[in-house]
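Open the model in your viewer and keep the sequence panel beside it. The tour goes from the whole chain to single residues, one selection at a time.

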Amino acid sequence: MEKYQGLSSKQAGKLLEEYGENRLKAQKKTGALGIFAGQFRDALIMILLAATVLSVLMGDIAEALTIIAIVFLNALLGFLQEYRTEKTLEKLGELSAPSAAVVRDGAVQRVDARQVVPGDILLLQAGARVAADAEVLESTGLMCDESMLSGESAGVEKQPGSGAAGKVYMGTLVTRGKGVCRVTKTGQQTEMGGIAGMLGSIETQQTPLQKRLAQLSKWIGIGCLFICGAVALTGILRGEPVMDMLLTGISLSVAAVPEGLPAIVTIALALSVGRMVKRNALVRRLHAVETLGCANVICSDKTGTLTENKMTVTRVRTPQASYEVSGSGYRCEGELTRGGRRADTGQDPALLRLLEIAAVCNNASLSPGRGGRQKKGQPEILGEPTEAALLVLAAKGGISREKSGYAVEREIPFDSTRKMMSVLARAPGGERLLMMKGAPDLLLQRCTFVLEKGGIQPLTPQLRRRILEENNRFAADALRVLGFCFRKAAAGDLYEGDMVFVGLAGLIDPPRKEAYDAVLKCRRAGIKPVMITGDHAVTARAIAKQLSIFREGDRVVTGQELDDLNDRQLKELLPKISVFARVTPAHKLRIVRAFKAQGNVVAMTGDGVNDAPAVKEADIGVSMGVTGTDVTKEAASVILLDDNFATLVYAVEEGRAIYQNIRKFIRYLLSCNIGEVFTMFFAMLAGMPVPLIPIQILLVNLVTDGLPAIALGLEPAERDVMDQPPRGAGESVFSRGLAGTIITRGLLIGLTTVSVFVSLLQGSGSLQTARTGALLTLVSTQLIHVFECKSETRGLFSINPFDNPALLGAAVLSAAAMYFALYNPFLAKIFFTAPLTGSQLFIVFSCCLAVPAASGLIAAVKNAGRRRMRGRPGKLVGKRV
């Protein structure tokens with residue numbers, strides 16, 4: 001590089017001090033202590049801490065210690081999950097360019113990419129990652145993959161000059177050729193740095209679940225104050241001592257707080273996160289799991305997310321015949337077929353020649369995957385993706401560079417003016433051919449002959465017109481089209497004229513196979529999929545149509561059209577738009593915000609740096625783990641470790657299931673706690689002795705609030721979970737009649753317990769026996785009720801009690817604990833219980849089973865009626881709301 005002296009080491013050092021290291025500003029990391037402290041920023045946790053203080057003031061140290069232990073366990077579980085995830089994310093991270101070749105002190109040096117400074121002479125070659133933004137000084141067929149910035153899968157040619165073609169950008173990949181560039185911007189000043197900087201202006205918002213739990217905490221707080229006041233007032237009106245009544249009211253308020261709820265929510269979310277990691281979805285924030293479940297719009301990047309980001313030849317046309325090409329990606333698996341039969345190159349000399357040109361007029365190479373981040377069996381490519389796709393095409397036809405026998409002697413590289421590439425190649429026998437590939441319309445201008453089955457024939461105007469019509473048909477199907485031709489040549493003969501045309505090849509970045517099923521599943525679940533891409537509108541529409549994202553009546557809107565729309569016009573059009581094409585990062589951000597402004601819960605998937613701001617702005621940001629950039633991973637709430645769109649659909653299903661389960665154990669815990677309050681309240685109103693003493697209330701909470709509620713969080717997803725529309729972001733946790741169900745069931749639990757207490761008190765005359773019966777009734781009704789909570793629509797006789805072994809085991813353990821509390825002499829003394837006779841047990845269990853049995857029968861009748869009505873759709877005409 002004698003032409004370039006580059007910077008001196010001294011100059012580079014001064015510039016490094018002035019501009020700083022060539023790296024993006026890392027987002028401020030939250031330390032371990034900060035993550036742990038963050039677990040206490042929750043309204044329900046504050047209520048529990050207040051209950052702890054009240055318990056200590058009343059001398060109930062055991063209750064206070066229990067609540068403190070639960071709060072600490074909740075914080076510890078949340079901390080461990082988030083801390084582990086951050087560490088996993090750090091391991092996933094990778095440097096954009098670990099080293100760079102520069103000219104300094106007149107010599108080529110390889111330096112750490114962080115040490116690159118403005119003014120450095122940067123040397124690029126195929127396979128290198130660009131270390132900084134730079135202007136192109138020299139170019140020999142230089143082409144870069146800028147999909148991480150632009151979203152376009154096609155490579156971009158680079159040449160000296162002004163405009164985008166005269167610049168290379170930090171983090172992009174050189175796919176072909178070589179070049180010399182002068183660094184203009186480093187670190188945060190680069191294009192990548194500018195996009196990453198947009199993340200700082202986006203505030204992190206509460207998830208829907210966090211909002212719902214905050215709402216629940218508010219109602220629990222109001223309920224506790226009401227209970228305290230009502231009980232105290234009732235007792236005072238009956239003439240009881242004021243201080244005693246205030247303490248009784250406070251104790252009941254503390255008992256009413258479902259202290260296990262935060263821990264159980266955290267445990268359920270953590271278990272869900274564990275299941276999702278096994279399915280290749282890494283959740284960075286626990287509450288993000290549930291947010292996925294209420295997403296009703298998924299804005300997905302096209303390149304690498306819905307498509308494979310691997311150019312693939314799908315069609316070949318020679319003057320003699322049309323061929324389909326099976327297989328996708330860079331695996332050399334598949335074949336060329338004609339009419340369902342394998343193509344025979346012996347019957348079509350033009351096809352054989354086309355495959356030879358594809359293999360020889362080519363600078364790419366394929367090698368077996370070496371493991372690591374590369375998927376098993378997936379070849380690694382060196383070079384431009386389009387050329388790699390042509391190598392794979394040739395291999396599917398049984399041709400390779402080595403098998404062809406041709407050795408390249410000279411090359412005329414591709415450039416944006418000629419839009420062609422030619423090589424002079426020599427066969428082992430000494431015959432030389434000039435092989436050419438390029439844009440069909442320009443390539444045809446250099447052709448005067450065509451290769452047919454009978455040999456080389458003149459290229460007539462009619463045949464030329466047919467070839468161009470075929471080219472247009474390929475382009476209409478969103479295929480990138482290349483033409484192929486050749487001629488015999490002498491040594492050193494590079495004349496690109498009088499060529500012999502042999503055919504066309506159509507390429508596309510194919511949709512992921514699993515993406516189609518995932519999109520259909522989303523539609524069934526009431527989720528609107530939206531494609532957002534930097535690619536051309538025609539290409540985007542074709543891919544979206546294949547995936548069923550674009551349907552009849554939908555709109556495709558380009559970035560330019562988006563700029564021409566004001567917010568009101570965009571709001572009106574938004575429901576009809578399923579594809580946004582030719583968009584910039586700022587456009588993506590505006591699109592996500594527009595959907596959110598209409599009350600949608602938006603998920604945004606992406607992998608490139610260009611996706612990061614929109615990913616962070618979305619209610620749930622999803623990054624690709626393999627192809628995703630560090631900036632996007634940092635912005636995301638969920639990372640798909642296998643870059644599989646189907647994994648996202650599983651995550652949505654898991655999110656819906658976890659919310660169902662949260663509602664189940666909220667229903668269970670609050671019904672049971674309200675039942676305890678009603679039990680005490682009814683007895684006080686009737687002027688009876690207290691049915692349960694404090695140690696027995698503590699036993700009820702320990703036996704019923706812990707393991708059974710946690711086991712409810714392990715309930716499998718209900719069969720129709722993805723056949724229901726997503727719930728609204730503002731929907732209350734008590735919606736769809738849950739509040740009424742909780743209060744009614746709590747009331748019935750209280751009445752059942754008081755009935756047994758009165759019956760045994762009158763029958764035996766023993767207060768201890770009556771309290772034992774009330775204790776057993778309260779626990780038994782709750783253990784029966786936990787199975788009712790398995791479904792909101794089916795009764796006790798319609799559920800499968802064995803599909804959740806954890807719940808069955810928890811119920812058995814709780815029942816065993818009650819048995820020992822009643823019949824073990826040592827424990828009986830602690831809990832002040834007495835053994836019950838057979839007739840007394842009959843009274844207890846008859847009362848316990850009466851209510852669930854009746855409600856189960858009613859639910860069974862209702863469900864049978866619904867099934868009959870579904871079997872007669874004509875009866876429902878005019879009933880749709």
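**The whole chain**

Begin with everything selected and colour by secondary structure. The accessible surface of this chain is about 37,900 Å², and carbon and sulfur atoms account for 58% of that area. Bear in mind that the model is predicted. The chain has 31 helices and 28 strands. Of its 881 residues, 52% are buried. Among contacts with a separation of 6 or more, 71% join residues that are 24 or more positions apart.

**The cavity**

Next, go to the enclosed space. Rolling a probe the size of a water molecule over the atoms shows where empty space is left. Searching the whole structure gives one cavity of 30 Å³ or more. The largest cavity holds about 40 Å³ of space. Select Met311, Thr312, Val313, Val325, Gly329, Ala389, Val392, Leu393 and Lys396 to show its lining. Two elements, β10 (312-317) and α13 (385-396), each give two or more residues to that lining. Which element gives the largest share of the lining? It is α13, with four residues. Sorted by class, the lining has six nonpolar residues, two polar ones and one charged one.

**Helix α18 and what covers it**

Now select residues 537-546, which form helix α18. Which residues of α18 are buried? They are Thr539, Ala540, Ala542, Ile543 and Ala544. An α-helix has 3.6 residues a turn, so residues three or four places apart point the same way. To see what lies over the buried residues of α18, add α11 (302-306), β22 (499-508), β23 (528-532) and β25 (577-581), which are included in their cover. Then step to Ser548, just after α18, where phi is positive at about 70°.

**The loop between β21 and β22**

From β22, move back to the loop that joins β21 (480-489) to β22, and select Asp498. Most residues other than glycine have a negative phi, and most peptide bonds are trans. Asp498 is not a glycine, yet its phi is positive, at about 55°. Asp498 is partly exposed because its relative accessible area is 42%, a value between the limits of 20% and 50%.

Select Gly497, which is also in the loop between β21 and β22. Is Gly497 buried or exposed? With a relative accessibility of 5%, Gly497 counts as buried. Leaving out residues up to four places away in sequence, Gly497 touches Arg446 and Arg487. Add Gln445 and draw a line between the two C-alpha atoms: Gly497 and Gln445 are 8.5 Å apart in space and 52 residues apart in sequence.

**Two further loops**

Select Asp105, in the loop between β1 (99-104) and β2 (107-112). Asp105 has a positive phi of about 55° and is not a glycine. Its relative accessibility is 44%, so Asp105 counts as partly exposed.

Then go to Thr460, in the loop between β20 (455-458) and α16 (461-476). Thr460 is partly exposed too, because its relative accessibility is 34%. How far apart in space are Thr460 and Phe449, C-alpha to C-alpha? The distance is 8.2 Å, and the two are 11 residues apart in sequence.

**Two helix residues with polar side chains in view**

Select Ser404 in helix α14 (residues 401-404) and show its side chain. That side chain reaches the backbone oxygen of Arg401 at 2.8 Å. Ser404 has 15% relative accessibility and therefore counts as buried.

The last stop is Thr704, in helix α25 (residues 694-704). Thr704 is buried because its relative accessibility is 0%. Show its surroundings: apart from neighbours within four places in sequence, Thr704 is in contact with Tyr668, Ala709, Val779 and Gln782. What does the side chain of Thr704 reach at 2.6 Å? That partner is the backbone oxygen of Val700. The side chain of Thr704 also makes a polar contact, at 2.7 Å, with the side chain of Gln782.

Terms used
Residues are numbered from 1 along each chain as its sequence is written. This is a predicted model: local features need pLDDT of at least 70, side-chain atom pairs count only at pLDDT 80 or more; totals for chains, interfaces and linings use all residues. Side-chain values use heavy atoms; hydrogens and water are left out. Buried means under 20% relative accessible area, exposed over 50%, partly exposed in between (1.4 Å probe, protein chains only). Contact means heavy atoms within 4.5 Å. Accessible areas come from the Shrake-Rupley method with a 1.4 Å probe; for residues, only the protein chains shown count as cover. A polar contact is a pair of N or O atoms within 3.5 Å; within protein, one must be able to donate a hydrogen and the other to accept it, and residues adjacent in sequence count only if both atoms are side-chain atoms. On a 1 Å grid over the protein atoms alone, a cavity is a set of points where a 1.4 Å probe fits but cannot get out, and a pocket is an open set with protein on both sides within 12 Å along at least five of seven lines; lining residues have an atom within 4 Å of a point. Grid points are joined across faces, edges and corners, and a volume is the space filled by probe spheres set on the points. Ala, Val, Leu, Ile, Met, Phe, Trp, Tyr, Cys and Pro count as nonpolar, Asp, Glu, Lys and Arg as charged, and the others, Gly among them, as polar.
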